[in-house]
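Biologist: Before we discuss how the strands and helices are arranged, could you put the sequence and the structure up for both of us?

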Amino acid sequence: MIAAALRKLELGAVPVATPTGRLVGASGLLLESAGCALHTGQRCHIETAAGGWIDAQVVGFREDLSYLMPFKKTEGLATGARVLPAPDRSDLMIGPSWLGRIVDGLGEPIDGLGRLGGEHVLPTHPPHVNPLRKRPVDQPLDVGVRAINGLLTLGRGQRVGLMAGSGVGKSVLLGLITRQTVADVVVVGLIGERGREVREFIERSLGPAGLARAVVVVAPADESPLMRLKATELCHSVAAHYRDQGQHVLLLVDSLTRYAMARREVALSLGEPPATRGYPPSVFSLLPQLVESAGNGENPRGSMSAIYTVLAEGDDQQDPVVDTARAILDGHIVLSRALAERGHYPAIDITASISRCMALVSTPEQQRAARQFKELLSRYAQVRDMLPLGAYVPGADPVTDRAVALYPRIEAFLHQGTAEAAPLQDTLARLEEVMA
């Protein structure tokens, strides 16, 4: 009786027929399928004229039509091609073997070192953590950059934006942070950047020692917008996995703006009307969902700190993506083109930057010294142009006089070479010396 019942269950699990749709339209990035009920987010296989298959994902529907977007370039598609829905399960397994590897947005290795595996199933979307169960930010994060450690101290679990225009040094500073940060695992997402920079970042910024503790997810600018979206989400899923395993994780995403642009391409293809500077409203509702998946989780031993680069087009700090990132992140670090043009590296504008978690992870003495440092830097900026002309007369304001006298030491504190390390404790001791 039991054997017969088991055979009946096995036979019942065998599908009588495979649901198949047909390709009925292709316009730009968007493909249209009919004849098979598909749900949003579902992956599909589309047959090509040569007998191969192209992977795509359902991004929307209207009446009997399902809208699909391919992960890679579409070549050889023809009207009436078969569309087969893929199983609704994640077969991506993750474990320690992922460390030191380079993958694409689908989790497939591109470094030629063989397949990846593990003992844990990696979720397709970044996990959501109950805000009441998140571990608070209460420990400092040593990023090895003197200006940040001393004046904009970050905490483990904090999410911060690196705001700058093009060519101001975001990627170089990100590489310095990658090498110097004290973390067990580093997850790097190179999203929508130039393909040339991928290898440069891996070989020069990470290096063999840095790559050994890192997972790099790559989706260059020539990839489809859907692949760029998947790569960004994969970064967060991978980082969340190691965080929940009790490790201290640093997530670096370069850049959040390219993710927003990919969202814009998908939304405009679906017919959503543009709003602020061509960005549809859905982009600004999806950015917080992505960012909120970062940060600390429920495991008291693990943490997940995140640094996002945000491109300010035309150096406009009121760019909609920059403004949104500033509102939803736990701080922002602004890079100044004026400082970069003077050869000041890193070109961090201290007076325009803020860390909202600094008060939680620093001592009152450090906060007092940082406030005095910023005040003196601001006072010096007010009279900078007067000094070469001899128009500044000492004695009118003691605070400004002190700022002018200490400026060489202030500038030396803020300067740092690309190969120079600045541990947190050494930085705090030097800050006290400058302000003594």
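Modeller: Strands here are DSSP runs labelled E, of at least two residues, numbered from the N terminus. Please keep in mind that this is a predicted model.

Biologist: Which residue in the turn of the hairpin formed by E1 and E2 has a positive phi?

Modeller: Strand E2 (residues 30-34) pairs with E1 in the antiparallel sense over 5 bridges, and one of the facing pairs sets Ala26 against Leu31 in E2. The hairpin has 2 residues between its strands, and the turn residue with a positive phi, of about 65 degrees, is Gly28.

Biologist: Which residue in E6 stands opposite Gly21?

Modeller: Strand E1 (residues 21-27) also pairs in the antiparallel sense with strand E6 (residues 82-85), over 2 bridges. Opposite Gly21 in E6 stands Val83.

Biologist: Why is one side of E8 and of E18 left without a neighbour in the sheet?

Modeller: The open sheet holds 8 strands with mixed pairing, in the order E8-E14-E13-E15-E16-E12-E17-E18. Strand E8 (101-103) and strand E18 (354-355) stand at its edges, so one side of each stays free because each has a single partner strand.

Biologist: Which residue in E16 stands opposite Leu251?

Modeller: Strand E15 (residues 248-254) and strand E16 (residues 303-311) run parallel and are joined by 6 bridges. Opposite Leu251 in E16 stands Ala306.

Biologist: At about what angle does helix H6 run to E16?

Modeller: Helix H5 (residues 225-244) lies across several strands, including E13, to which H5 runs at about 175 degrees. Helix H6 (residues 256-269) lies across E13, E15 and E16, and its angle to E16 is about 70 degrees.

Key:
Residues are numbered from 1 along each chain as its sequence is written. This is a predicted model: local features need pLDDT of at least 70, side-chain atom pairs count only at pLDDT 80 or more; totals for chains, interfaces and linings use all residues. Side-chain values use heavy atoms; hydrogens and water are left out. Two strands pair if DSSP finds at least two bridges between them. Helices (H or I, at least four residues) and strands (E, at least two) are DSSP runs, numbered from the N terminus. Contact means heavy atoms within 4.5 Å. Axes are lines fitted to C-alpha atoms, for helices over the stretch in contact, and angles run from 0 to 180 degrees between N-to-C directions.
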